[in-house]
Amino acid sequence: MRFSQRISVGLLMAGFALLATGSVAWAGGLSQAASQGQQIFEQKCRACHTIGAGKLVGPDLMDVAQRRTADWITAFITNPQKVIDSGDADAIQLVKDFNGVVMPMVGLSNAEVAGVLEYLRNPGVAAAASA
């Protein structure tokens, strides 16, 4: 196999790997993971949270992925009470800020939480794609 053929095969394989993980953002919008995360957000989170439209029952999540670590967001979505019980200062402050209301466990799988996190990293792409 010639060098140029090996490069082409290598690039093709890398492209398939990116597609399989849902890590590629299509020209018109979100990656597969973020698109699924957006759907989950709309179904499970939108009743209590906005992205850029202010507080509801819970906080506005605009730029949350820049304000908190991915590990923190994942832990909080997965089991908010556990994060609060751990003594996490940010989680405790959220409870105070929202009059003692604690986010319920919504029962998302690890893959679903990862999709929501991916969506929260750049929800503006979804807004632009749907405009």
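**How much accessible surface does the protein chain have, and what share of it belongs to carbon and sulfur atoms?** The accessible surface comes to about 8200 Å², and 59% of that area belongs to carbon and sulfur atoms. The legends below describe a predicted model.

**Figure 1. Overview of the protein chain, a predicted model with 8 helices and 0 strands.** Read along the sequence, the elements follow the pattern α-α-α-α-α-α-α-α. The protein chain has 131 residues, and buried residues make up 28% of them. Among the contacts with a separation of 6 or more, 48% are accounted for by residues 24 or more positions apart.

**Figure 2. Confidence of the prediction along the protein chain, with an average pLDDT of 80.** A score of at least 70 is reached by 72% of the residues. Over residues 3-28, by contrast, the pLDDT is below 50; in the model this stretch has 17 contacts beyond near neighbours in sequence. The pLDDT is also below 50 over residues 126-131, a stretch with 5 contacts in the model beyond near neighbours in sequence.

**Figure 3. Close-up of Thr 50, a residue of the loop between α2 (32-45) and α3 (64-67).** Is Thr 50 buried or exposed? Its relative accessible area is 7%, and because buried means under 20%, Thr 50 counts as buried. A polar atom of the Thr 50 side chain lies 3.3 Å from the backbone nitrogen of Ala 53. Leaving aside neighbours within four places in sequence, Thr 50 is in contact with Leu 56, Pro 59, Asp 60, Leu 61 and Met 62. One of these residues, Leu 56, also belongs to the surface patch of Figure 4.

**Figure 4. Close-up of a nonpolar patch on the surface, formed by Leu 56, Val 57 and Val 101.** Together the three residues have about 230 Å² of accessible area. Val 101 is found in the loop between α6 and α7 (110-121). With a relative accessible area of 42%, Val 101 is partly exposed.

**Figure 5. Close-up of Val 83 in helix α5, which spans residues 80-85.** Val 83 has a relative accessible area of 10% and is therefore buried. Which residues is Val 83 in contact with, leaving aside its neighbours within four places in sequence? The contacts are with Trp 72, Ala 75, Phe 76, Asp 88 and Ala 91. The C-alpha atoms of Val 83 and Ile 73 are 10.0 Å apart in space, and the two residues are 10 residues apart in sequence.

**Figure 6. Close-up of Asp 90 and its salt bridge with Arg 68.** The closest N and O atoms of the pair are 3.8 Å apart. The salt bridge links distant parts of the chain: Asp 90 lies in helix α6, Arg 68 lies in the loop between α3 and α4 (70-78), and 22 residues separate them in sequence. Helix α6 comprises residues 89-97. Asp 90 has a relative accessibility of 36% and so counts as partly exposed. Leaving aside its neighbours within four places in sequence, Asp 90 is in contact with Arg 68 and Trp 72. Trp 72 is 18 residues from Asp 90 along the chain, with 9.7 Å between their C-alpha atoms. Trp 72 is also among the contacts of Val 83, the residue featured in Figure 5.

**Figure 7. Close-up of the salt bridge between the side chains of Arg 46 and Glu 42.** A search of the whole structure finds 3 salt bridges, and this is one of them. The distance from N to O is 2.7 Å. Arg 46 counts as partly exposed at 30% relative accessibility. Glu 42, with a relative accessibility of 38%, is likewise partly exposed.

**Figure 8. Close-up of the salt bridge between the side chains of Arg 121 and Glu 118.** The two side chains meet at a distance of 3.0 Å, N to O. What separates the two residues within helix α7? Arg 121 and Glu 118 are 3 residues apart in this helix, so about one helical turn lies between them. Helix α7 covers residues 110-121. Arg 121 counts as partly exposed, with 40% relative accessibility. Glu 118 is partly exposed too, with a relative accessible area of 30%.

Technical notes: Residues numbered from 1 in each chain as written. Heavy atoms only, no water. Helix = DSSP H or I, 4+ residues; strand = E, 2+ residues; numbered from the N terminus. Buried < 20%, exposed > 50% of the residue type's maximum accessible area, 1.4 Å probe, protein only. Contact = heavy atoms within 4.5 Å. pLDDT = per-residue confidence, 0-100. Patch = residues over 30% accessible without salt bridge, like charges linked within 9 Å, V, L, I, M, F, W, Y side chains within 5 Å. Areas by Shrake-Rupley, 256 points an atom, 1.4 Å probe, with all protein chains shown as cover. Polar contact = N/O pair within 3.5 Å; in protein donor to acceptor, adjacent residues only side chain to side chain.
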